[in-house]
Amino acid sequence: MVLNEMNRTLALLEQQTLGQPSGNIRLNGPGEFSSASSRLAQQARRDLQILSYDLDPRLYDQISFVEAIKQLCLQSRQSQVRILLQNNERVQKHGHRVLELARRLPSRIAIRRPHPDYLHHRENFLLADRTGYIHRPLHSSYHGDVNFMDRLEAELDAIQIGAII
């Protein structure tokens with residue numbers, strides 16, 4: 001039963017297009033979050049913003065995700081990826097494909113630490129073109145939502161991320 005639900009969610013994600021109404025799609029488990037992250041990154045045309053506790057390798061150290069942000073960065077001089085990373089111990093210790101890409105494209109990918117007041121912020125976000133978003137209320141849990149077109153919520157999330165910088 002759980003596998004069927006996951007397969008349904010993954011199939012539903014494959015049908016979604018950034019900027020087209022999708023409603024909130026519930027995500028459960030790293031596989032669904034990874035698929036949603038890659039899908040949004042592949043469709044982003046201007047920017048990607050991420051607030052992450054540790055740049056979770058099950059989501060962001062995947063070839064499909066890294067290739068998508070590489071293509072985003074190379075398609076336009078205005079495109080950019082901004083990452084706020086709360087804890088960098090894991091990426092320093094074990095390496096990370098996004099970190100390697102950021103070293104090769106420093107003018108397009110910025111990785112920063114948030115303001116000290118937000119180092120223990122529990123929520124994680126991924127925003128694509130300020131149109132679609134993924135929201136994980138707890139960074140330690142793989143339960144949350146993706147929406148491919150909710151400009152208001154994406155703007156509110158962007159403001160929250162901006163407040164953290």
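Leaving aside neighbours within four places in sequence, L48 is in contact with A41, F65, I69, L72, Q80, V81, R82, L126, L127 and A128. The model in which these contacts occur is a predicted one. L48 also stands, with F65 and V146, among the residues that have the most contacts inside the largest nonpolar core, a set of 36 residues. The elements that each supply at least two residues of this core are β1 (25-28), α2 (30-43), β2 (47-52), α3 (57-60), α4 (63-75), β3 (80-85), α6 (97-104) and β5 (124-128). Of these, α4 gives the largest share, six residues.

V146, another of the residues with the most contacts inside the core, lies in strand β7, which covers residues 143-147. V146 counts as buried because its relative accessibility is 0%, where the limit for buried is under 20%. Apart from residues within four places in sequence, V146 is in contact with L13, G23, N24, I25, L27, A36, L40, Y133 and I134. One of these partners, Y133, is 13 residues away along the chain, and the C-alpha atoms of V146 and Y133 are separated by 5.6 Å.

Two of the contacts of V146, A36 and L40, are buried residues of α2. Helix α2 has 14 residues and reaches 20 Å from its first C-alpha to its last, close to the 20 Å expected at 1.5 Å a residue. How much of α2 is covered? Mostly covered is the description that applies, with eleven of the 14 residues buried. The buried residues are E32, F33, S34, S35, A36, S37, S38, R39, L40, A41 and Q43. Polar and charged side chains thus appear in this list beside nonpolar ones.

S38 is one example from α2. S38 is buried because its relative accessible area is 4%, under the 20% limit. Leaving out residues within four places in sequence, S38 is in contact with S64, F65 and A68. F65 also appears among the contacts of L48.

Next comes the internal space. The structure holds one cavity of 30 Å³ or more, and about 40 Å³ of space lies in the largest cavity. Which residues line the largest cavity? The lining consists of F33, S37, L59, Y60, N124, F125, L126, I134 and R136. By class, these residues divide into six nonpolar, two polar and one charged. Helices α2 and α3 and strands β5 and β6 (132-136) each supply at least two residues of the lining. The largest share, three residues, comes from β5.

Y60 is a lining residue of this cavity and lies in helix α3. At 5% relative accessibility Y60 counts as buried. Setting aside residues up to four places away in sequence, Y60 touches S37, I50, S52, L55, F65, V66, H96, V98, F125 and L126. Among these, S37, F125 and L126 are also part of the cavity lining. Y60 and N87 are 27 residues apart in sequence and 15 Å apart in space, C-alpha to C-alpha.

L55, a contact of Y60, is found in the loop between β2 and α3. The backbone of L55 has a phi near 50°, a positive value in a residue other than glycine. L55 is buried, with a relative accessible area of 2%. R130 likewise has a positive phi of about 50° although it is not a glycine. R130 lies in the loop between β5 and β6. Is R130 buried or partly exposed? R130 is partly exposed, because its relative accessible area is 31%, which falls between the limits of 20% and 50%.

The loop on the other side of β5 contains R122, between β4 (109-112) and β5. R122 is exposed, with a relative accessible area of 58%, because that value is over the 50% limit. Not counting residues within four places in sequence, R122 is in contact with R136, P137, L138 and H139. R136 leads back to the cavity, since R136 is among its lining residues. The C-alpha atoms of R122 and N28, 94 residues apart along the chain, are separated by 17 Å.

Terms used:
Residues numbered from 1 in each chain as written. Predicted model: local features only at pLDDT ≥ 70, side-chain atom pairs only at ≥ 80, totals over all residues. Heavy atoms only, no water. Core = buried A, V, L, I, M, F, W, Y, C linked by side-chain atoms within 4.5 Å. Buried < 20%, exposed > 50% of the residue type's maximum accessible area, 1.4 Å probe, protein only. Helix = DSSP H or I, 4+ residues; strand = E, 2+ residues; numbered from the N terminus. Contact = heavy atoms within 4.5 Å. 1 Å grid on protein atoms, 1.4 Å probe; cavity = no way out; pocket = protein on both sides within 12 Å on 5 of 7 lines; lining within 4 Å. Points joined across faces, edges and corners; volume = space filled by probe spheres on them. Expected span 1.5 Å × (residues − 1).
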